[in-house]
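Here is a quick tour of one chain, going from a single side chain out to the core and back to a loop. Have the viewer open as you read.

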Amino acid sequence: MSESGGLELGLQVTVAGATARRTLLEVTLELTNTGAAALAPGVFASELLVDGRPDPSWRLALNGPIEPELVELPPGRTATLTREVGVAALAPGAHHVAVRLGEQLSPTVELEVEQATE
């Protein structure tokens, strides 16, 4: 996990499917408040980085209901955000995914993408 200012970030990413037009990723972001006061993690301002570049589909994936802890995270608590994200088609091979939350970067996850099925 990556740590900064009382907030630890954890990231899990798996390939849920791939077509010639897009790659479907299941992204799970874990936020843990290690400080003594509640904090606002700023999830809505986060960016999904695919091979170092922000992917705009993350903003769309953040629409919808979220846990109250993702808006204000109490001390000592962990909140989890899981979303399916359809990013532009990724070529077969290794790719790197991370989430940037303010100036903090999650651990980078390396994915292996196989040939598209369609």
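## Histidine 96 and its surroundings

Let's start with histidine 96, which is partly exposed: its relative accessible area is 36%, so it falls between the 20% and 50% cut-offs for buried and exposed. Keep in mind that this is a predicted model. Histidine 96 sits in strand 7.

Who does histidine 96 touch once its neighbours within four places in sequence are left aside? The list is Leu49, Val50, Asp51, Gly52, Thr108, Val109 and Glu110. With glutamate 110 there is also a side-chain to side-chain polar contact, at 3.3 Å. Threonine 108 is twelve residues along the chain from histidine 96, yet their C-alpha atoms are 6.3 Å apart.

## Strands 7 and 9

Strand 7 (residues 93-101) runs antiparallel to strand 9, and five bridges join the two. In one of the pairings, alanine 94 has glutamate 112 of strand 9 as its bridge partner.

Strand 9 covers residues 109-113, and its side chains alternate. On one face you'll find Val109, Leu111 and Val113, which are buried. Glu110 and Glu112 point the other way and are not buried. That puts Glu110, the polar partner of histidine 96, on the face that isn't buried.

## The nonpolar core

The largest nonpolar core is made of 28 residues, and Val13, Val27, Leu31 and Leu48 have the most contacts inside it. Two or more residues each come from strand 2 (7-18), strand 3 (22-33), strand 4, helix 1 (57-61), strand 6 (78-88), strand 7 and strand 9.

Take valine 27 as an example. Not counting residues up to four places away in sequence, valine 27 touches Leu11, Gln12, Val13, Leu48, Trp58, Leu81, Thr82, Arg83 and Val85.

## Serine 46, a buried loop residue

Serine 46 belongs to the loop between strand 3 and strand 4. Is serine 46 buried or exposed? Its relative accessibility is 0%, so serine 46 counts as buried, the cut-off being under 20%.

The serine 46 side chain has two polar partners to look at: the backbone oxygen of valine 43, at 2.6 Å, and the side chain of tryptophan 58, at 2.8 Å. Setting aside neighbours within four places in sequence, serine 46 is in contact with Trp58, Arg59, Leu62, Val99, Arg100 and Leu101.

## How confident is the model?

Mean pLDDT for the protein chain is 91, with 93% of the residues at 70 or above. Among the elements, strand 4 (residues 47-50) has the highest mean, 97, and strand 1 (residues 2-4) the lowest, 46.

Key:
Residues numbered from 1 in each chain as written. Predicted model: local features only at pLDDT ≥ 70, side-chain atom pairs only at ≥ 80, totals over all residues. Heavy atoms only, no water. Buried < 20%, exposed > 50% of the residue type's maximum accessible area, 1.4 Å probe, protein only. Helix = DSSP H or I, 4+ residues; strand = E, 2+ residues; numbered from the N terminus. Pairing = 2+ DSSP bridges. Contact = heavy atoms within 4.5 Å. Polar contact = N/O pair within 3.5 Å; in protein donor to acceptor, adjacent residues only side chain to side chain. pLDDT = per-residue confidence, 0-100. Core = buried A, V, L, I, M, F, W, Y, C linked by side-chain atoms within 4.5 Å.
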